[in-house]
Amino acid sequence: MISALFAGLCDDAALFPPGNVPLPDALPAHARHRSAPYADLVGPFVFPVARLDELTPGSLELSLTLPGGPATLEPALDRLARIGGATAVALEIAAPAEQTAAEFFAAMDAVETQTAGLDVFVEVPRGERRDDFLAALVGGSFAAKFRTGGVVAEAYPDEKELASALTAVIASGVAFKATAGLHHAVRNTDPHTGFEQHGFLNVLLATRHALGGAGVDEVAATLAERDGALLARELRDLPADVVRAVRTAFRSFGTCSILEPLEDLVALHLVPSSALASADQGAHA
């Protein structure tokens, strides 16, 4: 039901804004997603390290977010181990505002044994630190994480800024994920906030173009495209080897709603409509 292009694309960030789903509701909803016919779309449950004390024992794959940086990793994993059942499969680690790339990666070296076997995403800061962080990722085992939105307009990088980041990371062979702001498949203006929002299909196709050697301007134009049918047509026709390359580069994105991306994919005929029927049944189970 879910093609390889979209497998594991949507990490479940229901706890985060603007969704802010209460944990007692978010956990059973995640379990329904992971057992639904569209389960292949769904990645791990994204969980903030500051809320680990709210977890109760139970089987759950987590992508832990650590906004406090590498220094918070070891105590977080210790707390998680004491809960029982839940396991970290990925880490999303940010750098404190005052930390340089050299300091950050030295701190990561110090906790190397703690990250073994986990997918590690380093949140690349915007602004003057970005190039140093991207350069430090080259040749290593960590992937990049880019913020593509937030709860204020300034949190959204424009097309040129995001295109510059994507072309740089893809040219270097470093994988990446995105978080925040990718509420819909196609570039749009939010009718409630007026925010200009990137589309996750735009990012997929921009990745494909960057892998083919496109420059920043061409990638930015792809990110700006608002014709969903055009995006869907180009992505639908990708050969299997290109799909593998695209998803090797663009690993996933965090979304506070699994159903919104699913609905958009169905509307663009990229996922069968039966997926929505199963989603509706699960929502009322």
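**View 1. Salt bridge between Glu 61 and Arg 34.** In this predicted model, Glu 61 and Arg 34 form a salt bridge whose closest N and O atoms are 4.0 Å apart. The two residues belong to distant parts of the chain, 27 residues apart: Glu 61 sits in strand β3 (residues 60-66) and Arg 34 in helix α1 (residues 23-35). Glu 61 has a relative accessible area of 38% and is therefore partly exposed. Arg 34 is also partly exposed, with a value of 36%.

**View 2. Salt bridge between Arg 251 and Asp 119.** Here the closest N and O atoms of Arg 251 and Asp 119 are 3.2 Å apart. Arg 251 is in strand β10 and Asp 119 in strand β5 (residues 119-123), so this salt bridge ties together parts of the chain that lie 132 residues apart in sequence. Arg 251 is partly exposed, with a relative accessible area of 29%. Asp 119 is likewise partly exposed, at 36%.

**View 3. Salt bridge between Arg 147 and Glu 123, and the network around the pair.** The side chains of Arg 147 and Glu 123 meet with an N to O distance of 2.8 Å. Arg 147 belongs to strand β6 (residues 143-147) and Glu 123 to strand β5; the two are 24 residues apart, and the pair links distant parts of the chain. Arg 147 is partly exposed at 37% relative accessibility. Glu 123 has a relative accessibility of 16%, and because buried means under 20%, Glu 123 counts as buried. Salt bridges with shared partners join Arg 147 and Glu 123 to Asp 11, Glu 92, Lys 145 and Lys 177 in one network. In total, the structure holds 15 salt bridges.

**View 4. Surroundings of Thr 255 in strand β10.** Strand β10 covers residues 250-255, and Thr 255 is part of this strand. Thr 255 has a relative accessibility of 5% and so counts as buried. Leaving aside residues up to four places away in sequence, Thr 255 touches Cys 10, Asp 11, Asp 12, Ala 13, Ala 14 and Pro 261. One of these contacts, Asp 11, is also a member of the salt-bridge network shown in View 3. Thr 148 is 107 residues from Thr 255 in sequence, while their C-alpha atoms are 11 Å apart in space.

Terms used. Residues are numbered from 1 along each chain as its sequence is written. This is a predicted model: local features need pLDDT of at least 70, side-chain atom pairs count only at pLDDT 80 or more; totals for chains, interfaces and linings use all residues. Side-chain values use heavy atoms; hydrogens and water are left out. Helices (H or I, at least four residues) and strands (E, at least two) are DSSP runs, numbered from the N terminus. Buried means under 20% relative accessible area, exposed over 50%, partly exposed in between (1.4 Å probe, protein chains only). Contact means heavy atoms within 4.5 Å.
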